[in-house]
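Me: I'd like to go through the reasoning behind a few labels with you. Shall we start once the structure is up?

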Amino acid sequence: MTTTNAFLDVRSVAKAFGGNRVLEDVNVRIAPGEIVGLLGPNGSGKSTLLNVITGFTSADSGTVHCEGQRIDCLPAHRIVQTGMARTFQLPSMPTKMSVMEVAMAAATAHHGVWGTLLGTTGARATEKAARDKAEHLLKELLLTPVRDLPASAISGGQKKLLGIVCALMAEPRMLLLDEPTAGVHPNLRRDIVAALQRLNAQGMTLVIVEHDMHFIRDLCTRCVVLDRGQIVASCRPDELASNERVLQAYLGTAGAKPLEATTS
Ligand SMILES: Nc1ncnc2c1ncn2[C@@H]1O[C@H](COP(=O)(O)OP(=O)(O)OP(=O)(O)O)[C@@H](O)[C@H]1O
Ligand SMILES: [Mg+2]
């Protein structure tokens, strides 16, 4: 796969916090329409890689391209406008806004300033469309009963779901999810899998950081495994258990060698 036909192309990315080298020469290419699981032990650099891709952390070196456009030089809000949205591992919500207001604020943040245009017919139509979309997504992720509660007062699992709603309000073509099912009831997990499969069938590319192997097996077409900041495997979910480098990463045996993660 070349840079031009990759949806996302991460090249030679490195990041250190002080003397802690968290990402080292990370290369990941993701094709349009893939569902990729980003795996690895705690502290292996998964969230940091998501932060670098989405502009929340700057890399020390390397590049990130989205559909051929270099994005590692852009601020996070501009990266969203390229079609990439994300959720956070530990979402924090504002205390003075309701669940519905947070979803609506996400639409405003992603799509610009219909708020400043209020009073015009077009802006009202845009706001109505955003409200309808928020209502639909809240219903799909079972948040309608808490839509008027302060967003900070809902449960940890519900905050995860609200994070997904906010990301989807951007109508992204790529969604990066950081542990979307942590703290979420297993029944709802199945609903999330189904919802993500529907989005993928409509063309959305997905990157999912997740420790739940059932979730990964049900959803992902490919897994990329990080170990101590290096990509050590890129394989199908059913190949993980027999992949020596993956076992070394999780069991802590020395000697895992880095491998460039590609789809071809
Ligand atoms: N802002 C930061 N400042 C200093 N160190 C950081 C920062 N962010 C991450 N790190 C360090 O980078 C390393 C990787 O962290 P990261 O959160 O990317 O891991 P992870 O793979 O997402 O782990 P987990 O599965 O536990 O979420 C850790 O050692 C962490 O302490
Ligand atoms: Mg993490």
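**Cavities and a metal site**

Reply: Happy to. With 3 residues, H1 is the element that gives the most to the lining of the largest cavity. Please keep in mind that this is a predicted model.

Me: What makes the lining of the largest cavity nonpolar by class?

Reply: Leu, Val and Ile count as nonpolar, and the lining consists of Leu-8, Val-10, Val-28, Ile-30, Val-36, Leu-38, Leu-49, Leu-50, Ile-53, Val-207 and Val-224. The tally is therefore 11 nonpolar, no polar and no charged residues. Strands S1 (8-17), S2 (20-30) and S3 (35-39), along with H1, each supply at least two of the lining residues. The volume of this cavity is about 70 Å³.

Me: Which classes line the second largest cavity?

Reply: Its lining has 3 charged, 2 polar and 2 nonpolar residues. Lys and Asp count as charged, and Lys-159, Lys-160 and Asp-178 are in the lining. Helix H5 (residues 156-169) gives the most, with 3 residues. The volume here is about 30 Å³.

Me: Why are Ser-47 and Gln-89 called donors of the magnesium ion (ligand 2)?

Reply: The cut-off is 2.8 Å for N, O and S atoms. Ser-47 (OG) and Gln-89 (OE1) lie 2.1 Å from the ion, so both qualify as donors. Ser-47 sits in helix H1 (residues 46-53) and Gln-89 in the loop between strand S6 (84-86) and helix H3 (99-111), so the pair ties together parts 42 residues apart in sequence.

Me: And why does Gln-89 count as partly exposed?

Reply: Buried means under 20% and exposed over 50%. Gln-89 has 30% relative accessibility, so it counts as partly exposed.

Note on methods: Residues numbered from 1 in each chain as written. Chains lettered and ligands numbered in written order. Predicted model: local features only at pLDDT ≥ 70, side-chain atom pairs only at ≥ 80, totals over all residues. Heavy atoms only, no water. Donors = N, O, S within 2.8 Å, 3.2 Å for Na, K, Ca; no water. Helix = DSSP H or I, 4+ residues; strand = E, 2+ residues; numbered from the N terminus. Buried < 20%, exposed > 50% of the residue type's maximum accessible area, 1.4 Å probe, protein only. 1 Å grid on protein atoms, 1.4 Å probe; cavity = no way out; pocket = protein on both sides within 12 Å on 5 of 7 lines; lining within 4 Å. Points joined across faces, edges and corners; volume = space filled by probe spheres on them.
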